[in-house]
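Please open the structure in the viewer and keep the selection tool at hand. The tour proceeds from a whole chain to single residues.

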Amino acid sequence: MKLLRLLCLLLLPVCVYGQNRNSGLEKQVTLHLSADSIQAFAAQLQQQAHITCYYIPEYFDTLKITLNGTMKIKEALDKIYADFKFYYACDDKDNLYLTKDQELSTQLGLPAPLLKKLSTMHHVAHNAPVKTKNGKRIPITTTVTPTKSVILDYDENKLFTIGSYQNSQGYATITGYVRHRNTGEGIGHASIAIADMQTKTMTDAYGYYTITMPKGRHTLMITCIGLADARRQIDIRGAGQLNIQLHDYVTSLKGVTIASSKSHNILDPEMGASKIEIRTLKQVPALMGEADILRVLQTLPGVTSAGEGSTGLNVRGGNVDQNLVLLDGATIYNPSHFFGFFSGFNADLVKDAELYKSSIPVKYGSRLSSVLEVLTREGNRNKFSGSGGIGPLSGHLSLEGPIGSKTSFLVGGRSTYSDWTLQLLPDQYKNSRAGFYDANLKITSDLNDHNSLFVAGYISGDRFRLDGDTLYRYGNMNGIVKWKHIFNPHLYGSMDVGIDHYNFDMSSRNNKINAYRFKFDVSQYHFNTNLIYTPNNAHKIEAGISMVYYKLHPGSKLPLDSGITTPITLSPEQAVESALYISDQYTVSPKLTVEVGLRYSLFNYLGPRDVYGYAPNLERDVTTIIDTSHYAAGKLFKTYHGPEPRIAARYSLSENSSLKAAYNRTRQYIHMLSNTTVVTPTDIWKLSDPYIKPTVADQVSLGIYHNFKDNVIETSIEVYYKWIQHALSYKNDATLLLNPHIETDVANADSKAYGVEFLVKKTAGKLNGWFSYTYSRVFLRMNDPLVSEPVNGGAYYPAEYDKPHVVNLIANYRVSHRFSLSLTSIYTTGRPITLPVARYYMSGSYRVYYEDRNQYRIPDYFRTDFSINIEGNHKIRKLAHSSWTLGVYNMFARKNAYSVYFTSEEGKVNGYKLSIFGTAIPFVTYNFKF
Amino acid sequence: MRYPLGLALMIILLGYSCKDPYLPNVIASNRNYLVVEGVINATPGALTRIRLTRTTNVGDTAMVAAEQQANVSVEQDGTIYPLTESDSGYYQISSLHLTGTTCRLNITTQKNEQYQSDDIPVKITPLIDSITYAPKDGGVALFVTTHDDMANTRYYRWEFDETWEYHSPYQSTITYDWSKRMLQYKTLAAQDSLYRCFQSQASTSIEVSSSETLDKDVIYKYPIAFIPAASVKLSVLYSLHIRQYALPKAAYNYFLNLKKTSQNPGDVFGPLPGELKGNIHSLTRKEEVVIGYVTASSITEQRIFLYNDPTFYDWKYSFDYDRYAQNAISIEGIDVTLSDQSKYYLENRSPCPLDPAAPPCTSTFGACCTHAIPLHLSGPQLLGYVYDTTCIDCIFWGKGGRKKPDYWPR
């Protein structure tokens, strides 16, 4: 037990350097020892002088002490020292430490093995014992500035006393930030657990945490993937603050030790949340070397995309417009570049991205299927630094650093080069142009202990002109201010306001009569408040209000130059979507956690607007319009509202496994109008109106989770079933642009989706990555009684993104600290297509007749990408750190069909399958960091 | 050439895209739907032709089956104008005098299945203002411009015929007169009959446009046809003849949809294929699919000629000799029976060119330059050239014939 006590002591140098620090050594004792052991010596000191000795018995097992008489303890020790070289130290609480080979300090926080002193002492101890006046300790009177590595030990070993005792009973709450040591940025999703207790909490996205525990001494275990584990000794006496710094985890290639709390898949009640680590993102081989969040997300179980080139996400049978894409809280309407081949997020600036596909937290609303929350970093709080890189298509650069002591900034941008790729094309494309850019700015400031603020802005733009004809442009513009306030250790909240804007336009000047410009834009002004109240560890209550004011300009077409295009400007649409929400994450017992939430959303469609009236019970058509009603500005003329319950529960089956269940309802009031398979820049958005009802989705899901090998391997199986009501579908030949009565061209549909997702993930080690298999189906049905000829006769048919079998493998193998290999392999069932059933001759050519929609499939899809990441040396003091990534996209050059089409050639109808990236595409990128 | 947006983009992506033949086995159902095609010509006394066919399997290569021996009639205000079958599946009439604003098409097939159109509005088609052309991507683009001052038309459809003159690489000027057993100069007409050929081709695409988004009912320079770079069509003289039809809006939508689903295939961002109902319905079985949209209007026409004008376009037309080359090496006129003289020519032929002064074997006609031989005509000895038959007979150089169209200007 002594051993344990000593070890414990080494971790807890609790002594305070006091004035009578060596008083214990001055005490008189009468010793009776003849060739006795150190134990006997210690027992006599304890008995007579109440001095407790701490030592490792093994170190002293050869020592035989023979001492008789009354003497000061100091003298006794010196006598023993004459035969046996050891160190001793005593603190003001009469604890005597006996050590061998290494001196122990009793000085608070300052490490014993101060290198210089230690060597001196060694020397002294082994050559000429010096009998000092005050024992052998040399009092440390000067302040020593330890090196950084020592500081770490210092924090780990220091006892932090928090608050002051009013009484020693009951509970206290501490709060604070977990930050990165090097950059000072908040660390999200770090786990904080109290040793020997079930209590556990997670930091929020900005690194903030709150945890409640019984007063007294505790050890906090702080863990986060990719960062070194940390411990803090705390003595909780009352509510207070503790900020914790973590530093990078130096990859250990051999042994792997992972703290059990590192993975939260077992313990969190929420289901279907997937976090993309930025490290993973940068390792995965990318198309043209552009590290791309959306493409990595597409490799997660339950996420598919309609086509190879597309970054649009179909999450668990949801349409591409049913994902709320948030960048620092701002809604990005079109998160893609270059027609959807690349995502709009600069991987250099992203801290992490989390996709919620099953239990969606109550604070999020207005989209049905998923929430993708992308957070940018806060910027380095300690020093000015930057990074950049160049790839075949674009270059990027970012700068960050502190402004004063409390504020940091991060600014970054990305842009394509001049259209050099287009120079490689045939002459007929010499007039083509394509390019994109995006830029982010973020300023984060800690106003004081209780208030912090960030301002973030994002702007992106794309323009392309093909064949010298129509010029297309689109872009996002977002700005947000978020203020976070800590009321008390139990209650904190945030408030944000922001503007999101998306616009696209196309213009053509080739034909002087028809020259035109078409414009569309959507803006939203949003305000959110969110409060999190943690009365104790059993409850975490979150409540808030969210309001969005939408303003859409559904389209205008104006003549350019001398064109005679009739100017058309559809009247704008405006609406307010408000929501109130509350949820409680209740830890019923260590085994059972439930999260019960309710979001109530209200949608008011506002004037001014003209609304057509249609003859009742007839198919809506221009011919069935019977009247037009005008609603004045600001008039609420259509209201939809409804509850959105969100329930999730987790039951632990064992320490390593748990069972989770969730039910989720979501409502969506804004819809993308698109009758193409993939997202195109010409897609526009439309608010729910008197005819277009909000879409409503219900999802139930059940999952079982089991971790192996100290949580290094995570496995899960999730099943879900989802119903969507009032999905929009389009009549054949629907006109979507510049249509003042969209209701005549769309039809009501519903959808059902179900699936099972298997995931095996290895989170650490030389080899890491994941393997997933998903079986899922999604069907649509046009069940509008007002449509006389519904698609496929009103029966269920597979959606364009229905891909029953999906297998993904993402693997990264670290050969050495500087060299790693990554492999991505994807297999999916081919997407459904409509095939022709008959051939006929008309207008001088053979043509084909299509019948039931989506009854056949294109050939299965299989692709493997490979990349090699080479980093420069890891010297800390270096001007810039650089890395190279070499890779091949589609390394087997498989010609995966993107689409199948039929065309008539010389009297025969020929089918073709078209592959977009039907060859192996190599790439090289260079990145640097300073 | 207008590429679908997505297709062009894929090509831009460094040409990584590619297409491969693909015909799934699953499509093998014979629906045998009735297909109706034609325009009821509202110009009094002009020819109206309606064609009835049946659909085939998608993978078939056979011609479509004509629907024969049907009773087809145009009905207006109770008056029935029966059409007579001229060719197999073609039904026509030249004695229509439509006076009302709508008419109807009735069909009764041989199997006594009855079909009827919706009421077809009878439209008046405005005149074509002009057909213009401009160089584009090395080729020539042709445009049609029209307008309706009354703004009653708005929706237009066009069909066109292209006709072009083309020549054999060499003109044969000498013939071997078998009766006189001597070589003689040909008459100009005889020279032309082998040298000049004419080929016609009907439009194979659906061309529709609308002025619905414009202030005025104007179609300005609608790109209707395109002659690709180096096409034989413009090697000598080219003619484009356009017929214009006014459409009701529903018919415009029908044809536009058909154009989208059948002419922009494989467009990455293209719409899902879907069918629009035509305006012919079965009276026997209501749910039966009938393909086609019949319209009624007057028809206006215009023709334009384009000469091979080197000042206007840098025409790089070249013959694809290998494609047409036959093994028949002979001298025009004597390739059937070999006389002594012809034997002499053939046996004494020597590598080309025999005479260093012979015309150079240009890259254009190099493959035709076979032999140079001395010829004994009535006058002094000349150096002549003997070519393969394929080099002097235009019939081998296209799919056209020797008959010059009546309207040909020269």
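The stops below concern a predicted model.

Begin by selecting chain A and displaying it as a cartoon. Eight helices and 57 strands are found in chain A. Of its 930 residues, 45% are buried. If one takes the contacts in chain A between residues at least 6 apart in sequence, 65% of them join residues at least 24 apart.

Next, select strands 6, 12, 11, 8 and 9 of chain A. These five strands make up an open sheet, in the order 6-12-11-8-9 and with mixed pairing. Which strands stand at the edges? They are strand 6 (159–162) and strand 9 (200–202) of chain A; each has a single partner strand, so one side of each has no neighbour in the sheet. From one strand to the next, the twist averages 30 degrees.

Within this sheet, select residues 216–224 and 227–236 of chain A, which are strand 11 and strand 12. The two pair in the antiparallel sense over eight bridges. For one example, select Leu220(A): its bridge partner in strand 12 is Arg232(A).

Now turn to the largest nonpolar core, which has 180 residues. Select Ile293(A), Leu297(A), Leu326(A), Leu372(A), Val374(A) and Ile40(B), the members that touch the most other members. Strand 13 of chain B (residues 155–167) gives the most to this core, namely six residues.

Centre the view on Leu326(A). Leaving aside residues up to four places away in sequence, Leu326(A) touches Thr331(A), Val371(A), Leu372(A), Glu373(A) and Val374(A).

Finally, select Cys53(A), Phe60(A), Ala76(A) and Leu77(A). They are among the 24 residues of another core, which lies apart from the largest one.

Definitions and conventions:
Residues numbered from 1 in each chain as written. Chains lettered and ligands numbered in written order. Predicted model: local features only at pLDDT ≥ 70, side-chain atom pairs only at ≥ 80, totals over all residues. Helix = DSSP H or I, 4+ residues; strand = E, 2+ residues; numbered from the N terminus. Buried ≥ 20, exposed ≤ 12 C-beta atoms within 10 Å, placed from the backbone. Contact = placed C-beta atoms within 7 Å. Pairing = 2+ DSSP bridges. Axes fitted to C-alpha atoms, helices over the stretch in contact; angles between N-to-C directions. Core = buried A, V, L, I, M, F, W, Y, C linked by C-beta atoms within 7 Å.
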